[in-house]
Amino acid sequence: MDYSFRSDLHLHTTHSDGRLSPSDLMALCYERGLMTVSVTDHDTTSGIDECEAAANKHDLDFIPGIEFGAKAIRGEIHILGYFIDPNNHALQEVLSDLQEDRKTRAERMVALLCQTGTPLSWDRVSELARGGSVGRPHIAQALVEEGHASHPKDAFDRLINWKAPAYVARKLIQPREAVDLINGSGGLAVLAHPLESRAKSGRREIYELETTLASLVDFGIVGIEAYYGDYSNDQIERVITLANKYGLVPCGGSDYHAAGNPIEPEPGEIGPPVESIELLKSLKPI
Ligand code: AMP
Ligand code: FE
Ligand code: FE
Ligand code: ZN
């Protein structure tokens with residue numbers, strides 16, 4: 001199958017847990033020959049203006065995006081929002097609540113790390129988050145800096161992943177709320193990374209995937225990530241089959257964070273074909 005990788009609809013910046021600023025990320029996307037991009041920072045829209053300005057400079061077709069974590073039957077699922085309006089009041093209220101929770105949770109994780117023989121400074125973690133959505137990747141980066149881990153994934157595996165000694169859960173909204181918030185702000189909701197990914201340890205296939213998918217379709221999602229990260233051709237084909245069965249647009253992107261992990265697809269290494277972009281645009285509310 002001929003996959004066209006001129007679109008990448010899953011990217012992160014320093015406004016959440018990516019390590020490139022919006023301007024640097026957009027410049028990289030341009031250098032790598034991309035045409036359509038969406039930046040989907042976790043629980044924040046604060047990077048959208050700078051991303052859009054930088055995208056315009058490079059003549060990139062820019063779709064404002066976001067990524068929410070939501071409660072699943074087991075663990076969490078991620079829901080992407082495209083074409084959202086960052087000025088939507090209901091959206092911003094929930095986002096400020098989530099920001100607050102992320103901060104308290106990260107502070108608790110740092111305290112646990114200090115108590116279990118891997119001392120870490122909260123100030124450094126906070127500095128690495130640069131006022132954006134603070135998350136485990138910032139803690140992982142600080143752990144690497146302090147020599148407690150060889151790379152971020154190593155920090156996750158041994159210290160901060162689910163079931164590891166310093167793991168603390170963060171606040172998750174219900175999937176219906178995530179979809180409603182996205183739709184309510186004029187956007188389109190898409191289920192992120194449904195299958196196992198080797199690039200992210202502990203990222204398993206969504207538990208009871210089809211049951212979950214059927215209810216998300218009821219709530220109003222319009223797409224699912226098929227052309228994602230390090231997915232194999234078999235995984236991509238499997239999601240495309242599901243997309244066809246449920247009438248969903250097969251979306252995707254690299255989920256690039258510039259995190260310095262051993263497996264990290266770069267912007268444009270994987271992404272949806274232009275047909276998916278056109279379909280998404282045709283579904284966008286006017
Ligand atoms: P959080 O939202 O703070 O729980 O952190 C989740 C984020 O950590 C994900 O969005 C990924 O960017 C990153 N992540 C998850 N698992 C791993 C891993 N094994 N190695 C490196 N980064 C990871
Ligand atoms: Fe992330
Ligand atoms: Fe995600
Ligand atoms: Zn992501």
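Which residue forms a salt bridge with R102? I looked this up before anything else. D43 does, and the closest N and O atoms are 2.9 Å apart. I keep in mind that the model is predicted.

**Entry: D43**

I located D43 in the loop between β2 (36-39) and α2 (48-57). Next I checked its accessibility. D43 has 2% relative accessibility, so it counts as buried; the cut-off for buried is under 20%. I then listed its contacts, leaving aside neighbours within four places in sequence. D43 touches I66, E67, F68 and G69. The list goes on with L95, L98, Q99 and R102. S133 and R170 complete it.

**Entry: the two domains**

I pulled up the domain assignment. Domain 1 comes in two segments, 7-91 and 171-283. Domain 2 covers 96-160. I noted 24 Å between the C-alpha centres of the domains. Their contact takes 18 residues from domain 1 and 17 residues from domain 2. I looked up the buried area as well. Domain 1 and domain 2 bury about 1500 Å² between them. Carbon and sulfur atoms account for 50% of that area. I found two salt bridges counted between the domains.

**Entry: zinc ion (ligand 4)**

I turned to the metals. Which protein atoms are donors of the zinc ion (ligand 4)? I wrote down H10 (NE2), H12 (NE2), E67 (OE) and D255 (OD). They lie 2.1 to 2.4 Å from the zinc ion. The spacing of these donors along the chain is H-x1-H-x54-E-x187-D. H10 sits in strand β1 (residues 7-11), and D255 sits in the loop between β7 (249-253) and α10 (274-283). This pair links distant parts of the chain, 245 residues apart. I checked burial for both: H10 is buried, and so is D255.

I also looked at the geometry. Why is the arrangement around the zinc ion (ligand 4) irregular? The four donor atoms subtend angles of 80 to 167°, and that makes it irregular. For tetrahedral, all angles would have to lie between 85 and 135 degrees.

**Entry: iron ion (ligand 2)**

I measured nothing here; I read the computed distances. The zinc ion (ligand 4) and the iron ion (ligand 2) are 4.5 Å apart. The iron ion (ligand 2) is coordinated by D17 (OD), listed twice, together with H42 (NE2) and H257 (NE2). The distances run from 2.1 to 2.8 Å. In sequence I read the spacing of the donor residues as D-x24-H-x214-H. H42 lies in the loop between β2 and α2, and H257 in the loop between β7 and α10, so the pair ties together parts 215 residues apart in sequence. Both H42 and H257 are buried. I noted the angles too. The six donor atoms around the iron ion (ligand 2) subtend 50 to 157°, which makes this arrangement irregular.

**Entry: iron ion (ligand 3)**

I finished with the iron ion (ligand 3). How far is it from the iron ion (ligand 2)? The separation is 5.6 Å. The protein donors of the iron ion (ligand 3) are E67 (OE), H78 (ND1) and H193 (NE2), at 2.0 to 2.2 Å. I recognised E67 from the zinc ion (ligand 4), where it is also a donor. E67 is in contact with D43 as well. The donor residues of the iron ion (ligand 3) are spaced E-x10-H-x114-H in sequence. I placed H78 in strand β4 (residues 76-82). H193 is in the loop between β5 (188-191) and α8 (209-219). The two are 115 residues apart and link distant parts of the chain. Both H78 and H193 are buried.

Definitions and conventions:
Residues are numbered from 1 along each chain as its sequence is written. Chains are lettered from A and ligands numbered from 1 in the order in which they are written. This is a predicted model: local features need pLDDT of at least 70, side-chain atom pairs count only at pLDDT 80 or more; totals for chains, interfaces and linings use all residues. Side-chain values use heavy atoms; hydrogens and water are left out. Donors are N, O and S atoms within 2.8 Å of the metal (3.2 Å for Na, K and Ca); water is not among the atoms, so sites may look incomplete. Four donors count as tetrahedral if all angles lie between 85 and 135 degrees; four count as square planar and six as octahedral if opposite donors are over 155 degrees apart and all others between 65 and 115; anything else is irregular. Helices (H or I, at least four residues) and strands (E, at least two) are DSSP runs, numbered from the N terminus. Buried means under 20% relative accessible area, exposed over 50%, partly exposed in between (1.4 Å probe, protein chains only). Domain bounds come from an automatic or database domain assignment. Contact means heavy atoms within 4.5 Å. Buried area is the accessible area (1.4 Å probe) that two parts lose on being put together, summed over both. A salt bridge is a side-chain nitrogen of Lys or Arg within 4 Å of a carboxyl oxygen of Asp or Glu.
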